[in-house]
Amino acid sequence: MPRARTLAAASALVLLAACSGGGGGDEAAAEPIVAEDGVVAITGTDRLQWSAEQITSETGELTFELTCEDAVNHNLVIDGEVIAECRPGQTGTGTVSLADGEHEFVCTIPGHDRTMRGTITVG
């Protein structure tokens, strides 16, 4: 019986590590996005991560192009407002005007908000 418990515990640890969605240190940190001509292209990955966690922009109107990888829906919520949504393999767009300062963006699909958060610095 002790061997079975050891195997079960080891299997549970392997599953937890596989489902953790990061922290393994094998992925390079995503480069920040700098908005060009008021357009921000960002991807929501199948691993429940953003393609970047930092966005910078000049003051003014921003258009977000949110692309979902092949398996998972995502949305892009800034300061509590849904800006864009997409289905697997598709792109959704939305436009917003943000005041100078820092703004939080997040995916509010249940369970995604733990790992899909970032900051937009405007101005």
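Two strands count as paired if DSSP finds at least two bridges between them. In this predicted model, strand S2 and strand S4 (residues 60–68) clear that bar, with six bridges joining them in a parallel arrangement. One of the matched positions is valine 40, whose bridge partner in S4 is phenylalanine 64.

That pair belongs to an open sheet of three strands, ordered S2-S4-S7 and mixed in its pairing. Strand S2 (39–44) and strand S7 (91–98) sit at the edges with a single partner strand each, so one side of each has no neighbour in the sheet. Direction aside, neighbouring strands here are turned by 25 degrees against each other on average. As for the side chains, in a regular strand they alternate between the two faces of the sheet.

Zooming out, the protein's secondary structure adds up to one helix and nine strands. Going along the sequence, the pattern reads α-β-β-β-β-β-β-β-β-β, with the helix ahead of the strands. Of the contacts between residues at least 6 apart in sequence, 49% link residues at least 24 apart. Buried residues account for 30% of the 123 residues, where buried means under 20% relative accessible area. The protein exposes about 7600 Å², and 51% of that comes from carbon and sulfur atoms.

Next comes the hairpin. Strand S5 (residues 74–78) and strand S6 (residues 81–86) run antiparallel and are joined by five bridges. Within this pairing, asparagine 75 lies opposite glutamate 85 in S6. Two residues separate the strands of the hairpin, and aspartate 79 is found in that loop between S5 and S6.

Backbone angles deserve a look too. Most residues other than glycine have a negative phi. Aspartate 79 goes the other way: although not a glycine, it has a positive phi of about 50 degrees. Its relative accessible area is 48%, so aspartate 79 ranks as partly exposed; the exposed class would take a value over 50%.

Leucine 48 is another non-glycine residue with a positive phi, in this case about 60 degrees. Its place is in the loop between S2 and strand S3 (54–57). With a relative accessible area of 24%, leucine 48 is also partly exposed, because a buried residue would have to come in under 20%. Back in the open sheet, S2 is the edge strand that leads into this loop with leucine 48.

Definitions and conventions: Residues numbered from 1 in each chain as written. Predicted model: local features only at pLDDT ≥ 70, side-chain atom pairs only at ≥ 80, totals over all residues. Heavy atoms only, no water. Helix = DSSP H or I, 4+ residues; strand = E, 2+ residues; numbered from the N terminus. Axes fitted to C-alpha atoms, helices over the stretch in contact; angles between N-to-C directions. Buried < 20%, exposed > 50% of the residue type's maximum accessible area, 1.4 Å probe, protein only. Contact = heavy atoms within 4.5 Å. Areas by Shrake-Rupley, 256 points an atom, 1.4 Å probe, with all protein chains shown as cover.
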